[in-house]
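Thanks for making the time this morning. I would like to walk through one structure with you, slowly, and I suggest you keep it open in front of you while I talk.

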Amino acid sequence: MFKKGFTLIELLIVIAIIGILSVALVPTGMNALKKARDGTRVANLGTIKTAMMQYVLDNSICPSEATGASTDALIAAELNTYFDANTPKDPSGNKH
């Protein structure tokens, strides 16, 4: 006489609860990604600072003053030999 299974109302309630929980948790996950990218940016700035300090110690002049470089690309090209691996890049993938 009794059928096993869930009623439509029970299924709709469970789906609504899962939807509410997912809406509440998605912004938290996005915030964590943003903080991770910001942490990477801070670390990249430290790497650039160290490279610039080493350049100044080796050449007794700032990179932009040495060649009259006014763009970031020219300064980065001068400092490239002072980076351990590659020139640090924006973790979000933006070029600017």
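Ile-9 sits in helix H1, which runs over residues 8–59, and since this is a predicted model, what I say about that residue and about the others is a reading of computed coordinates. With a relative accessibility of 55%, Ile-9 counts as exposed, because the cut-off for that class is over 50%. Ile-9 also belongs to a nonpolar surface patch, whose other members are Leu-8, Leu-12, Ile-13, Ile-17, Leu-21 and Leu-25, and together these residues offer about 730 Å² of accessible area.

Let me stay with the helix itself for a moment. How far apart should the ends of H1 be, at 1.5 Å a residue? For the 52 residues of H1 the expected span is 76 Å, and the C-alpha atoms at its two ends are indeed 76 Å apart, so the expectation and the model agree. Just beyond the end of H1, Ser-60 adopts a positive phi of about 60°.

Now to the whole chain. The protein contains three helices and zero strands, so that, read along the sequence, the order is simply α-α-α. It has 96 residues, of which 9% count as buried, and it exposes about 8,100 Å², with 66% of that area coming from carbon and sulfur atoms. If we take the contacts with a separation of 6 or more, 52% of them link residues that are 24 or more positions apart.

Which residues of H1 are buried? They are Asn-44, Ala-51 and Tyr-55. Asn-44, to take the polar case, has a relative accessible area of 17%, which puts it under the 20% limit and therefore in the buried class. Once residues up to four places away in sequence are set aside, Asn-44 touches Pro-88, Lys-89 and Pro-91.

A second residue to look at in this connection is Phe-83, which is found in the segment after helix H3, residues 72–79. Phe-83 is buried, at 9% relative accessibility. Leaving out its neighbours within four places in sequence, Phe-83 is in contact with Thr-47, Ile-48, Ala-51 and Pro-88; of these, Ala-51 is one of the buried residues of H1, and Pro-88 is also touched by Asn-44. The C-alpha atoms of Phe-83 and Thr-50 are 8.7 Å apart, although 33 residues separate the two along the chain.

Turning to charge, side chains of opposite charge can pair when their charged atoms come close. The structure holds one salt bridge, formed by Arg-41 and Asp-38, with the closest N and O atoms 2.9 Å apart. Why are these two separated by about one helical turn? The reason is that Arg-41 and Asp-38 are three residues apart in helix H1. Both partners are partly exposed, Arg-41 with a relative accessible area of 29% and Asp-38 with one of 33%.

Finally, a word on confidence. The protein averages a pLDDT of 79, and 77% of the residues score at least 70. Confidence is highest in H1, at a mean of 87, and lowest in helix H2, residues 63–67, at a mean of 63. Where pLDDT is low, the predicted coordinates should not be read in detail.

Methods:
Residues numbered from 1 in each chain as written. Predicted model: local features only at pLDDT ≥ 70, side-chain atom pairs only at ≥ 80, totals over all residues. Heavy atoms only, no water. Patch = residues over 30% accessible without salt bridge, like charges linked within 9 Å, V, L, I, M, F, W, Y side chains within 5 Å. Areas by Shrake-Rupley, 256 points an atom, 1.4 Å probe, with all protein chains shown as cover. Salt bridge = Lys/Arg side-chain N within 4 Å of Asp/Glu carboxyl O. Helix = DSSP H or I, 4+ residues; strand = E, 2+ residues; numbered from the N terminus. Buried < 20%, exposed > 50% of the residue type's maximum accessible area, 1.4 Å probe, protein only. Contact = heavy atoms within 4.5 Å. Expected span 1.5 Å × (residues − 1). pLDDT = per-residue confidence, 0-100.
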